[in-house]
Amino acid sequence: MKTLLIGSLVCICSAACLPREAAGALPRSSPEAQGVSSTRLLAFIDEADEKLDSLHSFMLVRHGHVVAEGWWSPYTPEARHALYSLSKSFTSTAVGIAIAEGKLRLDDEVLKFFPEEAPAEPSSQLKSMRLQDLLRMNTGQQTEPPRPLDQSWTKAFLAHPVPFKPGTHFHYNTSATYMTSAMVQKAAGETLLDYLRPRLFDPLGISSPTWELSPQGISTGGYGLSIRTEDIAAFGQLYLQKGRWEGKQLVPEAWVEAATARQTSNGSNPHSDWDQGYGYQFWRCRHGAYRGDGAFGQFCIVLPEQDAVIAITSGLKDMQSVLNLIWDHLLTAMQGATLAENPEGLATLQHRLKRLTLRTPEGDGRPGDVFGKTFRFPPNDSPLEAISLEPGDGERVAAAMVTRANGREQRILLGRSHWLAGKASWNRFAEQPAAASGAWATDNLFVAKLCFTETPYVVTLRMTFEGDEVELATETNVGFGGTRQAILTGTAE
């Protein structure tokens, strides 16, 4: 029986102090040299840290220079992060390049690319659906087509009702972006990832990107791309520079203009950044900005009026809260001219950025007769079979948590007031890079956190011990459905 050991674990601190030539290609500068106030940047970081405790990384690029960057431990500069729907903006970019190469046209009819998967009698509305309708989320569908595991996603999309005339009805639709990816693959003869590698990823220095595939071997398009924070910033800088990078036009300027313009109306609330219009897989924002974004706060924000780009990864429920902080603090931080250097303010900012961390469990409880006991659970949906705790080393390790699920055992070291990095699995999360921390909140309550560091997800486990029983409550910070699992009760052997 294989034991999965999270060994040789070290605390991951913010790596803002690492050599930048190893982390990316964008040049660095002091904030004031690019007209940005270190003091205002610090105010943004402090408020985000205090009110949200959900940002994983932040990078501000002004006049082509990175002026501030930070990663909340256990997240690091070199790690990829799942982008979710921010992937859509990269799919749009692939379309723009393919159009320039003569492989696609905006008015290409969707149905003609997939005649073998078309309904026997397609409706006139489906027949009139075009590539530009997919890009603008104006497919004419009232609900999003499913992406079933046991059926072709393309066939499921084409079989879905189209009650409205395409081009007249905005409905956010990830399956539409998948169809865009499928059209690129049909036209180019390779997946979106392979198509973009020499045309976009390699020139921008985006190394080892990954993109999920559908069961049919097509890049998922609307989600599934994972890259680093600096890669997000470089992508935004490319768009800020109208598609030009190091003297070469990677993306046609006309496409950049069209993709980021208001192609369709999607609301009228002047205070919402989701009601400012939609382009070709880009959102319009307030303050003349535009963005690509993904679930739980993955952002690539381009501010042409300020000549700036902001890259953020996070794991939060209220994405508008991040944008509000940006408008409140960062817009006023950027001035039209260089500012006098502020050595004290810059030193304070840099010190803060190097010591960012997600909050870890805290407490000074004194556990009773818990160690050495294995608590077994009845059959459940987790599917957790058993759990036990072993004592830590008194300093760096709060405890070791041993779990058994699906017949496999793993041993996870939980840092004391810091994160210990390695690999872990939990419930639906397959084994992957993770960091862990834990503490005795009270004498009978142990709290553990598992942070899956290439995703937005942090799982919190609350184990309440009473005699020979443990009550386990599990909650994930974010999710597309419920975030709390059913409470499990285990009994000591």
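**Exercises on burial, size and salt bridges**

Of the 493 residues in the protein, 57% are buried. The model used in these exercises is a predicted one.

**Exercise 1.** Work out which radius of gyration a compact globule with 493 residues would have, and set the value of the protein beside it.

*Solution.* Begin with the expectation: for 493 residues, a compact globule would have a radius of gyration near 23 Å. Next, take the value of the protein, which is 24 Å and therefore agrees with that expectation. To complete the picture of its extent, note that the C-alpha atoms fill a box of roughly 70 × 65 × 40 Å along the principal axes. Within this box the chain forms twelve helices and 22 strands, and among contacts between residues at least 6 apart in sequence, 60% join residues at least 24 apart.

**Exercise 2.** Describe the exposed surface of the protein and the placing of its positive and negative side chains.

*Solution.* The protein exposes about 19,900 Å², and carbon and sulfur atoms supply 49% of this area. Turning to charge, there are 46 positive and 55 negative side chains, and the centres of the two sets lie 4 Å apart. Side chains of opposite charge can pair when their charged atoms come close. In this structure there are 27 salt bridges.

**Exercise 3.** Explain which parts of the chain the salt bridge between R28 and E69 ties together, and classify both residues as buried, partly exposed or exposed.

*Solution.* First establish the pair: the closest N and O atoms of R28 and E69 are 2.8 Å apart, which falls within the 4 Å that a salt bridge requires. Then locate the partners: R28 belongs to the loop between β1 (3-5) and α1 (38-51), whereas E69 is in strand β3 (residues 65-71), so the bridge ties together parts that are 41 residues apart in sequence. Finally, apply the cut-off, by which a residue under 20% relative accessible area is buried. With 8% relative accessibility, E69 is buried, while R28, at 26%, is partly exposed.

**Exercise 4.** Classify the partners in the salt bridges R105 with D108 and E475 with R484, and name the residues of a salt-bridge network.

*Solution.* In the first pair, N and O are 3.3 Å apart; R105 is exposed at 51% relative accessibility, but D108 is buried at 11%. In the second pair the N to O distance is 3.4 Å, with E475 partly exposed at 30% and R484 exposed at 65%. The network, lastly, links E101, K103, E190 and R199 through salt bridges.

Conventions. Residues are numbered from 1 along each chain as its sequence is written. This is a predicted model: local features need pLDDT of at least 70, side-chain atom pairs count only at pLDDT 80 or more; totals for chains, interfaces and linings use all residues. Side-chain values use heavy atoms; hydrogens and water are left out. Helices (H or I, at least four residues) and strands (E, at least two) are DSSP runs, numbered from the N terminus. The radius of gyration is taken over C-alpha atoms; the globule rule is 2.2 Å times the number of residues to the power 0.38. Buried means under 20% relative accessible area, exposed over 50%, partly exposed in between (1.4 Å probe, protein chains only). Contact means heavy atoms within 4.5 Å. Accessible areas come from the Shrake-Rupley method with a 1.4 Å probe; for residues, only the protein chains shown count as cover. Lys and Arg count as positive and Asp and Glu as negative; His and the chain ends are not counted. The place of a charge is taken as NZ of Lys, CZ of Arg, CG of Asp or CD of Glu. A salt bridge is a side-chain nitrogen of Lys or Arg within 4 Å of a carboxyl oxygen of Asp or Glu.
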